[in-house]
Amino acid sequence: MQPDTDRTARGFLAVYEEITRLISMVHDPKMVMELVVARLPDLLAVDAATIRLLDRNSGSFVLKAARGVSAEYLARTNIDSQEVMAALRQGVPRSTTDLESALDQESLAIIRREGVKSVLSVPVLFQQEVIGVLRLLTRETREFVDSEITFVMSLAAQMGIAITNSRIFQEMERQVHFLGELREISRLVNSTLDLDQIIGAIVDKLPEVMAVMGCTVRLLHPATNRLQLVAASGLSQSYLERGSIKGEDSIFKVLKGEPVAIYDATTDPRVDFHQAIRDEGIKSILAVPITDGSEVIGVLRLLTREHRSFSDSEISFAMAVAEEGGSAIQKARTYRQITLLFNQIEEQERFLSNILDCIRPQLLVVDRNRRVVMANRAFLLANGRSEEEVLGMEYSHFCSDGDEADSCPVDQVLASKKMATSLQQVDREGISRSYERAATPMLNGDGEVEFVIEVIRDVTAQRRLETEQARRNKLEGVVELAGTVAHEINTPLFAALGNAQLLELDLEEDEQVEEVRTIIRNLKAIADLTAKMATMTGYTTRDYVGNTRIVDLD
Amino acid sequence: MAVILVLDDVLDAVVLTRKILERKGHVVHCFTEEEEAIAFAGNNPVDLAILDIKLKKMSGIQVLEELKAVAPDIRAIMLTGYPTVETAKEAVELGASEYCVKPIDKWELEQKVGRVLAL
């Protein structure tokens with residue numbers, strides 16, 4: 001027996017050395033596992049080998065490498081009996097030759113078709129923690145002896161170290177890669193204040209970096225606080241329009257700030273619309289919150305075409321991108337709001353300016369230092385200057401010292417803080433015009449004059465009208481007086497003239513007749529004057545004595 | 001010979017008119033009060049009324065309207081110291097035959113009265 005034992009030990013050592021040598025050469029856990037399942041059957045004289053690794057999200061063992069068995073066998077639902085699986089989870093190996101017991105009918109049928117007779121299942125450990133399962137299968141009944149089991153356990157442990165090391169190596173590589181990509185995405189989203197460009201950069205760039213089929217961004221509407229799909233990539237329109245997902249458990253958790261990784265999205269209760277997910281070919285989903293500081297402002301979802309256990313670094317990376325994106329989105333929103341406000345202010349200014357320009361009177365605003373800060377179109381036209389020229393000019397340019405002392409009401413307002421008006425007479429090119437200048441103070445919170453608004457109205461026409469009206473009133477008075485005088489005089493004149501004419505007929509002495517005729521002639525002269533007075537519609541005056549003027553009835 | 005009613009708020013004016021027209025053989029009734037003149041015309045035959053436009057209470061136009069109501073065939077000469085288009089138009093519309101401006105000449109008055117009575 002001694003030589004056999006030694007030979008076996010030497011064989012194990014050779015296998016161990018070979019496996020150790022090989023797995024030390026690769027840094028990819030998949031390659032490690034492929035290598036193990038490729039070489040072990042020959043080295044240990046078994047027909048097949050499979051490796052499954054524990055998915056921490058689902059708690060199930062996921063097939064990673066296999067050799068020597070059919071795809072149908074590998075696709076069966078139950079890996080082994082519950083008793084064996086429980087032992088493996090405890091880190092205990094199991095060698096089974098009685099495959100008929102404790103297995104469901106479906107599994108039995110597959111195993112029979114595959115011809116598997118014996119199985120050695122050993123846990124893959126790393127630092128006392130089960131990270132996977134290595135199974136060796138034979139199509140001849142075989143009792144695995146303790147030394148073989150111990151050897152395979154050691155080999156599995158060695159493989160566990162190699163897988164973990166390569167995982168760490170790969171994780172570090174990935175983190176370095178993610179760091180670079182994060183920097184790039186950060187640069188992209190922070191290079192613009194355009195909200196659509198930011199979100200577009202995320203949904204376009206992230207699927208490529210994380211090797212997923214699609215990506216969606218939903219943002220909480222600031223006014224309604226309802227999630228709205230704002231961008232997506234790699235997904236069909238029918239999938240995107242499958243219905244509201246606001247009631248999904250995954251969304252609820254993400255909105256609380258937690259990432260949610262779903263291994264099998266086609267059945268997982270944390271998402272709805274399983275049929276739509278199947279139709280779209282989605283297998284796994286990673287959903288992370290889009291945050292701005294501590295506030296969740298949306299949901300970023302990544303969707304894969306293959307089942308995928310998202311690693312911590314992938315989740316961290318997605319969250320970092322979502323955080324970076326959230327910050328940029330909020331900045332863009334703020335910028336958009338500020339732009340909108342600016343536009344509104346500009347629009348209001350334009351509206352106000354148009355109103356002021358449409359006002360016929362000249363309008364001028366001066367500050368407390370008597371500098372012009374605003375002038376309407378009428379003012380600029382009246383003064384023959386452009387707005388650029390006028391703004392900042394001293395007020396005295398527009399109400400000069402040569403004017404009467406109280407004709408510049410701005411000074412009065414600055415002194416009294418009360419409204420002031422004045423009338424200004426301006427003679428230009430031989431034409432005299434009258435301006436009414438009304439100045440009103442604009443007081444600040446302390447009651448001090450901040451600005452003075454002056455409205456300058458050309459009242460020349462109004463003044464002329466008033467003068468004309470006064471003249472008309474005077475004319476009416478004169479005409480009425482003339483009519484009254486005519487009426488009051490004409491009746492007694494009638495009596496006097498008539499009686500004089502009768503007297504003229506009755507008198508016999510020539511001298512007396514001549515005297516009565518003189519009376520009649522003068523009465524008729526008076527009658528002529530009253531006739532003119534009664535029919536007058538206007539009048540002119542002529543000098544009388546000194547400064548006195550009288551109406552010219554001729 | 002005609003019966004003539006003369007109404008003016010100035011007594012001297014009516015007296016003068018009566019003197020002039022009586023010399024022409026007419027019967028002249030003088031009034032300075034509007035109501036008295038209207039009442040007279042309502043109760044007595046009058047061929048011609050000579051009315052001043054400006055009276056004490058009513059206008060000569062209003063009196064003419066009243067006279068026409070009580071004596072539709074009465075003829076009228078209006079006298080005024082202050083002629084206006086408005087009163088002239090109303091007088092003509094109410095059937096006045098003449099619209100004369102004071103002070104009217106004696107001969108002109110005689111002529112106009114003769115012409116109106118001949119109508």
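A:Phe273 counts as partly exposed, because 17 C-beta neighbours lie inside 10 Å, whereas a buried residue would need 20 or more. The model in which this residue is seen is a predicted one. A:Phe273 belongs to the loop that connects strand 8 (260–262) with helix 10 (274–280) of chain A. Its backbone deserves attention, since phi of A:Phe273 is near 60°, a positive value in a residue other than glycine. Most residues other than glycine have a negative phi.

A second residue of chain A can be read in the same way. A:Lys417, which is not a glycine, also has a positive phi, near 65°. The residue sits in the loop between helix 14 (409–416) and strand 13 (420–428) of chain A. A:Lys417 is partly exposed because 13 other C-beta atoms lie within 10 Å, while a count of 12 or fewer would have made a residue exposed.

These two loops belong to a chain of 554 residues, of which 28% count as buried. The secondary structure of chain A consists of 16 helices and 17 strands. When contacts in chain A with a separation of 6 or more are considered, 52% of them involve residues 24 or more positions apart.

Attention now passes to the contact between the chains. Chain A contributes 16 residues to this contact and chain B contributes 15 residues. On the side of chain A that touches chain B, helix 15 (460–506) and helix 16 (510–535) each provide at least two residues. Helix 15 of chain A gives the most to that side, with 14 residues. In terms of residue class, the side of chain A that touches chain B holds nine nonpolar and seven polar residues, and no charged residues.

The partner, chain B, has 119 residues, and 42% of these are buried. Five helices and five strands make up its secondary structure. Read from the N terminus, the elements of chain B follow the order β-α-β-α-β-α-β-α-β-α. Of the contacts in chain B between residues at least 6 apart in sequence, 60% join residues at least 24 apart.

One backbone feature of chain B remains to be described. The peptide bond from B:Lys102 to B:Pro103 is cis, and its omega is near -5°. Most peptide bonds are trans. B:Pro103 is placed in the loop between strand 5 (98–101) and helix 5 (106–117) of chain B.

Note on methods: Residues are numbered from 1 along each chain as its sequence is written. Chains are lettered from A and ligands numbered from 1 in the order in which they are written. This is a predicted model: local features need pLDDT of at least 70, side-chain atom pairs count only at pLDDT 80 or more; totals for chains, interfaces and linings use all residues. Helices (H or I, at least four residues) and strands (E, at least two) are DSSP runs, numbered from the N terminus. Two residues are in contact if their C-beta atoms, placed from the backbone, lie within 7 Å. Ala, Val, Leu, Ile, Met, Phe, Trp, Tyr, Cys and Pro count as nonpolar, Asp, Glu, Lys and Arg as charged, and the others, Gly among them, as polar.
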